[in-house]
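Got the viewer open? Let's take a walk through this structure, one selection at a time.

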Amino acid sequence: MKYDPFQEKAINYINEGHSVIVSAPTGAGKTAIAEHVINQCMADGTRVVYTAPIKALSNQKFRDFQALYGDDVGILTGDVSINAHAPILIMTTEIFRNKVLAEEPSLGDYSWIIFDEIHYIDDYERGTVWEESLIFLPGHMKMLALSATIPNIDEFASWIHEIHGRPLKVVKEEKRPVPLHLFYQCEGKFRDDLRKLKNSFTGRSGKAYYYRRGRRFVREEHLKPNRLDTLIRHLESTSKLPCIYFAFGRRRCEYLAEELQGFDFLNTHEKADITSMFHSLCDRFDLLKEKSASYIFPLVERGIAYHHAGMLPTLKEVIERLFTSRLIKVIFTTETFALGINMPARTVVFDELRKFYGSFHANLKTRDFYQMAGRAGRRGIDSEGFVYSRVNPHMITFDELRRVVNGRPEKVISRFNASYATIINLYSRFGEKLYDIYPRSFHNFQKKQRQREKAVEGMKAKVDMLKQLGYIDEGGVTRKGEFAGQIYGYELPLTELYDQGYLEHMSEMELGILAIATVFEPRKGARMPKISRQARQMRHNTDMVMKGISRLEKRYGVTPLSKDFRYHLSPCIEAWMRGEDFNKVLTYAQADEGEIIRYFRMGVQILREILDTPAQPSFKDKVRSASRLISRDIVDAENQLRR
Ligand SMILES: Nc1ncnc2c1ncn2[C@@H]1O[C@H](COP(=O)(O)OP(=O)(O)OP(=O)(O)O)[C@@H](O)[C@H]1O
Ligand SMILES: [Mg+2]
């Protein structure tokens, strides 16, 4: 493979011994640069850390790198730990941040850190993790940062230069190697010129009709509908399959797949191929008897699939592998399919140009639109990629539509908001001087005076609260504080329970229930199932503790508030820990199977974090066995990765 000029430029900087940030569109070939760093480290006998923002991506990189570098590759993601001292170590950015803050000596041997998808620094909830990792990056580590297209990359690089006193070389690539063509389905018609759509938004062609909304009658233009079958037939007849169809919502993905009942994209030969692939993969991942696997098979056999977070992680993996074979012609999926994972198609379809941004729905950012759209057109196979947006003028204005597809990608903005655990770890290093850290932040570099003051006030509020609760005193961080310093994200709720002696008296079962209640976040309107007496008793106790915590947080003005314990999955975890079959466990709550597994794995992660605290060894034994009771069969993430 001959390197592209931008790849070459980055590689030259790396060879000269510089840290580098690369901003390039989806699918441009950023991985090749990361591989160069890895090869160089292997040749020099040094070590390299690779971080990715989501577990699916870390897992895929683990498999990819393992194929290239064998036993030299390891992975640490909180619920998975394989070959943890390997010279090429993949981890989530959270784990890296924790190691950096704790000044872990093990990092001493690692000379490079690769941050993939570093534009995540702009993520509302998790962005601070990237920022903290960068502020405290050990002096001996060089970094390679890979980013989607961002306009303020020079600003970002100046910040790094300022705080580390070493330049961060910038490499920008604007062009996609495979060009994208944008199309729209609007009022049932296909168009490739945005301007021609404008009529649909103003002088509408169809008849007006009235419908009732509450007590009022609303005038509504009658638009010709966008039909799914018309769209798919159009893509098929113009040779634009395979396609990734992004829809926002799990049910919607499944529903749309069912809508294609009348379609069959595969000939006899291809059917035989995909059937045997499907069966051997299901065998490998223990899915032969799974209902969800037999449910999706009739679709798969015709070249159709869906993929979303509600599915079993193993079944998702099967579908991903089938998709790579290009025998799946249409896949309906949520946005998780968009990130970094090498799953290219010829065409990308947007069901609508909206997305759920953690706590609210909004029209897509331009950056996100192109991240997803960029899945279209695979280098080496397709000469161009196609993007179809289904547009309903009732749902989006013309100006917004234009902003999404023609706007400039948004700047990355600092989301700095150090958690309690971060504050505690900083306090143990810097004491009252911890506020001196703030001027090193991207937040300080980017924001105005007033916002800076507010950020420092936010840190102060947390410190004051930690002092009042006895996590920090004149002597520095207390034992209680040390406990909290290991439990990122759930510091106060769990530490207060620990401090009151409640945690150490729990049975394994209770520890399991508590771990899941710690992490579970019910969907809006989720029904609370009937829970056991044991769980009710626990809820009574934890509610009391939470009341105290949130009262204090409100008084000190801390945001976001600590998360409440939620017991919706307690019947499931009890049954699972008693050894019941997963299919039985599913019947005890209203949640998707993939969701339950994800929460169980997160619970295991919390229990593992407790093992790093200064708690009693006998208590840790109990925690360990609780975690073993949960992490079995289909819930065991390591097991899935080893297959
Ligand atoms: N110089 C090159 N010539 C031909 N193909 C290349 C070259 N560089 C990379 N590729 C191929 O391009 C594809 C996409 O590369 P890669 O996964 O690195 O994209 P990326 O920039 O990381 O995008 P993203 O992470 O946003 O999806 C891969 O299949 C890779 O093999
Ligand atoms: Mg990538």
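**Stop one: a buried strand**

Start by selecting strand S16, residues 347–350: Thr347 and Val349 point to one side, Val348 and Phe350 point to the other, and all of them are buried. In a regular strand, side chains alternate between the two faces of the sheet. Keep in mind as you look around that this is a predicted model.

Now bring in the neighbours of S16. Add strand S13, residues 243–246, which pairs with S16 in the parallel sense over four bridges. To see one of the matched positions, click phenylalanine 246, whose bridge partner in S16 is phenylalanine 350. Next add strand S19, residues 385–391, which pairs with S16 in the parallel sense, over four bridges. Here, look for valine 348 standing opposite valine 387 of S19.

**Stop two: an enclosed helix**

Select helix H13, residues 366–373. Seven of its eight residues are buried, so the helix is largely enclosed by the rest of the structure. Colour the buried ones if you like: Thr366, Arg367, Asp368, Phe369, Gln371, Met372 and Ala373. What do the buried residues of H13 pack against? You have already met some of the answer: S13, S16 and S19 are on the list, along with strand S9 (180–186), strand S17 (354–356) and helix H14 (398–406).

**Stop three: the ligand**

Now select ligand 1 and show what surrounds it. There are 17 residues around the ligand, and Lys2, Gly27, Lys30, Thr31 and Arg375 come nearest. By class, this shell has four nonpolar, seven polar and six charged residues.

Zoom in on a few of the polar contacts:

- Arginine 375 has a side-chain N or O atom 2.5 Å from an oxygen atom of ligand 1.
- Glutamine 7 places a polar side-chain atom 3.0 Å from a nitrogen atom of the ligand.
- Alanine 28 uses its backbone instead, with an N or O atom 3.3 Å from a ligand oxygen.

How much of ligand 1 does the protein bury? Taken alone, the ligand exposes 640 Å², and the protein buries 81% of that.

**Last stop: a histidine**

Finish at histidine 164, which lies in helix H6, residues 153–164. Is histidine 164 buried or exposed? Its relative accessibility is 19%, so it counts as buried, the cut-off being under 20%. Follow the side chain of histidine 164 and you'll find that it reaches the backbone oxygen of leucine 134 at 2.8 Å. Leaving aside residues up to four places away in sequence, histidine 164 touches Leu134, Ile135, Leu137 and Arg440.

Notes: Residues numbered from 1 in each chain as written. Chains lettered and ligands numbered in written order. Predicted model: local features only at pLDDT ≥ 70, side-chain atom pairs only at ≥ 80, totals over all residues. Heavy atoms only, no water. Near = heavy atom within 4 Å. Polar contact = N/O pair within 3.5 Å; in protein donor to acceptor, adjacent residues only side chain to side chain. Areas by Shrake-Rupley, 256 points an atom, 1.4 Å probe, with all protein chains shown as cover. Nonpolar A, V, L, I, M, F, W, Y, C, P; charged D, E, K, R; others polar. Buried < 20%, exposed > 50% of the residue type's maximum accessible area, 1.4 Å probe, protein only. Helix = DSSP H or I, 4+ residues; strand = E, 2+ residues; numbered from the N terminus. Pairing = 2+ DSSP bridges. Contact = heavy atoms within 4.5 Å.
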